[in-house]
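Okay, everyone, thanks for coming. Let me put the chain up on the screen, and then I'll walk you through it.

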Amino acid sequence: MHTIELTCDDMLDSAVRAAWDRLAAEGLPSQARHPHPSNRPHLTLAVCERLPPDAPAAFAEAFGDLPVPVRLGPLLLFAGRARVLAWGVVPEARLLAVHAGVWRVLGGSCGGNPLHAPGRWLPHVTLARNLDAATRARAVTVLDGLAEATGAFSGARSHDGALRTTVPLAGQG
């Protein structure tokens, strides 16, 4: 599977990493513990079986509006298979336009996770995965009082889950 992701500017990256570090310091699951060099705070726009063969060129127009100012708001809990704790991204017009542009390029042939599709997408930055109920409650307590963060999504990349590699698509991908 391939993802299409937006990457954070330095200010937003630092805020997310600080939340990751708070969780890790308490011995809780945290994306800070993810050892792969490609691990960094990001926003997933789409997950697909395959990308257009000319992906960087194909997505150029969609990412022409970068950087996109953003505000991270409330914590979100996803109870699915991965049991994720995330920082919600306030979906403002420019961000939604970038998201829609990516899906126009993908054209219905994505074959990936439909939860990322326009109208179903709940934008977020993952803080931790695989939290059982007790751990989830502790993590929320540790992050109690987490202030909203502002910054921008300044780059885009694609991540190939099989090869565990990334390809820059725009900006600081």
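Quick bit of bookkeeping before the charges: Lys and Arg count as positive and Asp and Glu as negative, while His and the chain ends are not counted. And a charge is placed at NZ of Lys, CZ of Arg, CG of Asp or CD of Glu. With that convention, the chain has 16 positive and 15 negative charges, and their mean positions are 7 Å apart. Keep in mind that what you're looking at is a predicted model.

Now the overall layout. We've got 4 helices and 7 strands. Reading from the N terminus, the order goes β-α-β-α-β-β-α-β-α-β-β. The radius of gyration is 16 Å, close to the 16 Å that the globule rule gives for 173 residues, so the chain is as compact as a globular protein of that length. If you prefer a box, the C-alpha trace spans about 45 × 30 × 30 Å along its principal axes.

How much of the chain counts as buried? Of the 173 residues, 47% do. On the outside, the chain exposes about 8400 Å², and carbon and sulfur atoms supply 56% of that. For the contact-map people: take the contacts with a separation of 6 or more, and residues 24 or more positions apart account for 77% of them.

Okay, let's go to β1, residues 2-8. All the way along, 7 of the 7 residues are buried, so this strand is largely enclosed by the rest of the structure. Look at the two sides. His 2, Ile 4, Leu 6 and Cys 8 point one way, Thr 3, Glu 5 and Thr 7 point the other way, and all of them are buried. Yes, that includes Glu 5.

Which strands does β1 pair with? On one hand there's β2, residues 42-48, running antiparallel to β1 and joined to it by 6 bridges. Thr 7, for instance, has His 42 in β2 as its bridge partner. On the other hand there's β6, again antiparallel, over 7 bridges. There, Glu 5 of β1 stands opposite Arg 157 in β6.

Next stop, β4, residues 84-89, where 6 of 6 residues are buried. Both faces are covered: Val 84, Ala 86 and Gly 88 sit on one side, with Leu 85, Trp 87 and Val 89 on the other. β4 also has two antiparallel pairings to show you. It pairs with β3, residues 68-78, over 5 bridges, and with β5, residues 124-128, over 4 bridges. Leu 85 is a nice residue to click on here. Its bridge partner from β3 is Leu 77, and Leu 85 also stands opposite Ala 128 in β5.

Let me zoom in on Val 89, which lies in β4. Buried or exposed? Buried means under 20% relative accessible area. Val 89 comes in at 5%, so it counts as buried. And what does Val 89 touch, leaving out residues up to four places away in sequence? Leu 43, Val 70, Arg 71, Leu 72, Leu 95, Pro 123, His 124, Val 125 and Phe 153. As a distance to click on, Val 89 and Ala 55 are 34 residues apart along the chain, and their C-alpha atoms are separated by 25 Å.

Last part, backbone details, for those of you who like torsions. The peptide bond from Leu 66 to Pro 67 is cis, with omega near 0 degrees. Pro 67 is in the loop between α2, residues 55-58, and β3.

Then there are two positive phi values to flag, each in a residue other than glycine. One is Asn 130, with phi near 60 degrees. Asn 130 lies in the loop between β5 and α4, residues 133-142. Its relative accessibility is 48%, so Asn 130 counts as partly exposed. The other is Arg 164, with phi near 55 degrees. Where does Arg 164 lie? In the loop between β6, residues 149-160, and β7, residues 165-171. Arg 164 is partly exposed too, with a relative accessible area of 42%.

That's my tour. Happy to rotate the view if anyone wants another look.

Conventions. Residues numbered from 1 in each chain as written. Predicted model: local features only at pLDDT ≥ 70, side-chain atom pairs only at ≥ 80, totals over all residues. Heavy atoms only, no water. Rg over C-alpha atoms; globule rule 2.2 N^0.38 Å. Buried < 20%, exposed > 50% of the residue type's maximum accessible area, 1.4 Å probe, protein only. Contact = heavy atoms within 4.5 Å. Areas by Shrake-Rupley, 256 points an atom, 1.4 Å probe, with all protein chains shown as cover. Pairing = 2+ DSSP bridges.
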